[in-house]
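Open the model in your viewer and keep the sequence panel visible. The tour goes from one residue to the whole chain and then to the empty spaces.

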Amino acid sequence: MNIPVIQTKDGKDIISSLFFKFLPIQVMIVAMSSINSIVDGVIAGQFIDATTVGVVGLYYSMVNLLGAIGAVLLGGTSVLCGRYMGAADKEKTKNIFSLNITVTLIIGVALTLISVFLSGPMAVVLGATPELKAPLVLYIRGYAIGIIPLLLGQQIASFLQLEQQSKRTYVAIGALITSNVLFDIFFVAILKWGILGLAIATSASNLVYFLILAQYYLTDKAQLKYSRHNIAWDVLPDVIKIGIPGAMLVFCLSMRGLVVNRILITYAGNDGLSAMSAFNMISGLLISYCLGAGAVVRMLASIFIGEKNVAAIKHLFKIVFTKGLALTVALAVIVILLSGQISGIFFPDKGSNVFNMAKELIIIYGLCIPMILFCVVSSNYMQAMQKNVFVNILSVFDGFFSMVIPSLVLAPILGARGVWLANPIGIFLTALLTPIYCIFTMKRVPKNLGEWLLLSDGFGIRNDQCLNYTINNMDDVAQTSERVHRFCEDNGISQKLSYYSALCLEEMAANVVDHGFAEDNKKHSVDIHVICEGKDVQLRIKDDCVPFNPEELYEMVSSDEEDPLKNVGIRIVHELADEVIYQNMIGLNVLTIKLRDSH
């Protein structure tokens, strides 16, 4: 028996709740960089000159490169951490955290030194003309101060989601944006430091952001502790291998920016360059929803893959391409309607050529947003599946060739508009690659969602070997216990182990319903996932109640000789099970109980 939709009586399912719980914070993390770029662009246009907007735009390729470097570690560690969490391996999760922080710090120091001492050559590589080189050098040096907190902040923000610290992240994002505005006004409008002031303001706000986030890991509440003695150096190659495909896209976007900037200068002049620079500052905000959804899919899919929970993966995609897609359509409409106002932020003169160029680009891009969701989610899912070769190909095509080739063809004919039209052409071609890859892999057209997701019979656990069910009340506990008993016996599990499995499930689920549901006035449910492999059984019990660690309670009651019947259910489970593992990392209590047939 396999029930793929995990749902409570009020229509709220756990996977949907998780997706929309993590989505806003991921969107904000993606959007904050773009918001800072917008602030810098507005300050530059209002208090310095329009040329400075172009200079900041030239450095945008370097910002993308920093994002690519951070994405290698973020992508690789998030996939591995998700899988280890799904497999209930807490120690490896902690060791990867230590690896991530160590390698990020080393890279940050190296990039800071390069930016300070090689800023002149960097400016030339970024495409600065002799006229623009001097101000770009100043911007590079000022930005260098904040590279280390920028990279560390990116990584820590991701781990804080596993620690259920969304509020802290919201506070840090708000502080970053507010401080950047205040620092920009102080350094540029008041002290008149020009473009150097813009860069220093951004660096200072990055430091504020990092300090707020990092403070949590100095407290006893943190589950992930940094230890230089437990750095998982052995998995660094895997982190890089998994992370490179996602980072490849960001790197290719950086290279694409260099090429497209030169195309625009050649065929559209400084107005075309300034319009593209303004768009680059706002584009991250326009598609922050899509990028945030992709990050959530990668995280949740990695966990479900670790759990070998095929039903949960399918359900996740149904949510993304129904509710999630509807939101992108609404977002696209809003972007198109506000295209003039968005352009006016950077170019107040609505009669100017550069204003009209920017507005036209934003309208064309707005039409592409629903397709972008498909591309981003597909890429992140394939990364979670570790289809690294395909994701590399997808990233290179999407990040570089998809837009550069149409731009080279159309720009000589249509000028800037040719570059703008290269966006929908490239995105459409990119969207075709994933279904083509699935057909190539299956050697036929997939027949259902599972096959389109490459969840063939050989992936994970067969449907007849796993059971998914949801408990809403105490009556469901007894019924589910009976189902688990029959399910285990149907899969060839011994009568004794089938009984033990049902008993363990009943004791722990009843404990959650009896105590966890009563802690507050919210609706709750218990998600049951049972796997039978060979002669062994694994029970996965998830609930969205307040954090409760039965392992700690067992340690207390097991030493209580005066009352041997106290919390007898928890004692029974620990005596029957081979392993009992508790985690609370993504807003859920997750209890994994493993029972093995010793005969």
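Start by selecting F251, which is found in helix α9, residues 236-286. This is a predicted model. Is F251 buried, partly exposed or exposed? Its relative accessible area is 35%. Since buried means under 20% and exposed over 50%, F251 counts as partly exposed.

Next, show the contacts of F251. Leaving aside neighbours within four places in sequence, F251 is in contact with L65 and A68. Then add L576 to the selection and draw a line between the two C-alpha atoms. F251 and L576 are 325 residues apart along the chain, and their C-alpha atoms are separated by 52 Å.

Now zoom out to the whole protein and colour by secondary structure. There are 20 helices and five strands. The radius of gyration is 26 Å, close to the 25 Å that the globule rule gives for 599 residues, so the protein is as compact as a globular protein of that length. Along the principal axes, the C-alpha trace spans about 80 × 55 × 45 Å.

Colour by relative accessible area next. Buried residues make up 58% of the 599 residues. The exposed area of the protein is about 24800 Å², with 63% of it supplied by carbon and sulfur atoms. If you plot a contact map, count the contacts with a separation of 6 or more: residues 24 or more positions apart account for 77% of them.

Turn to the empty spaces. Rolling a probe the size of a water molecule over the atoms shows where empty space is left.

For the largest pocket, which holds about 440 Å³ of space, select K21, K522, H524, D544 and G587. Of the 21 lining residues, these are the closest to the pocket's centre. Which helix gives the largest share of this lining? Helix α1, residues 14-47, does, with four residues. By class, the lining of the largest pocket has seven nonpolar, seven polar and seven charged residues.

Finish with the enclosed spaces. Three cavities of 30 Å³ or more are counted. Go to the second largest cavity, with about 70 Å³ of space. Its lining has 10 residues, and M85, I303, Q583, I586 and V590 lie nearest the centre. Highlight α2 (50-86) and α10 (288-307) as well, as each supplies at least two residues of this lining. Sorted by class, the lining of the second largest cavity has six nonpolar, two polar and two charged residues.

Note on methods. Residues are numbered from 1 along each chain as its sequence is written. This is a predicted model: local features need pLDDT of at least 70, side-chain atom pairs count only at pLDDT 80 or more; totals for chains, interfaces and linings use all residues. Side-chain values use heavy atoms; hydrogens and water are left out. On a 1 Å grid over the protein atoms alone, a cavity is a set of points where a 1.4 Å probe fits but cannot get out, and a pocket is an open set with protein on both sides within 12 Å along at least five of seven lines; lining residues have an atom within 4 Å of a point. Grid points are joined across faces, edges and corners, and a volume is the space filled by probe spheres set on the points. Ala, Val, Leu, Ile, Met, Phe, Trp, Tyr, Cys and Pro count as nonpolar, Asp, Glu, Lys and Arg as charged, and the others, Gly among them, as polar. The radius of gyration is taken over C-alpha atoms; the globule rule is 2.2 Å times the number of residues to the power 0.38. Buried means under 20% relative accessible area, exposed over 50%, partly exposed in between (1.4 Å probe, protein chains only). Contact means heavy atoms within 4.5 Å. Accessible areas come from the Shrake-Rupley method with a 1.4 Å probe; for residues, only the protein chains shown count as cover.
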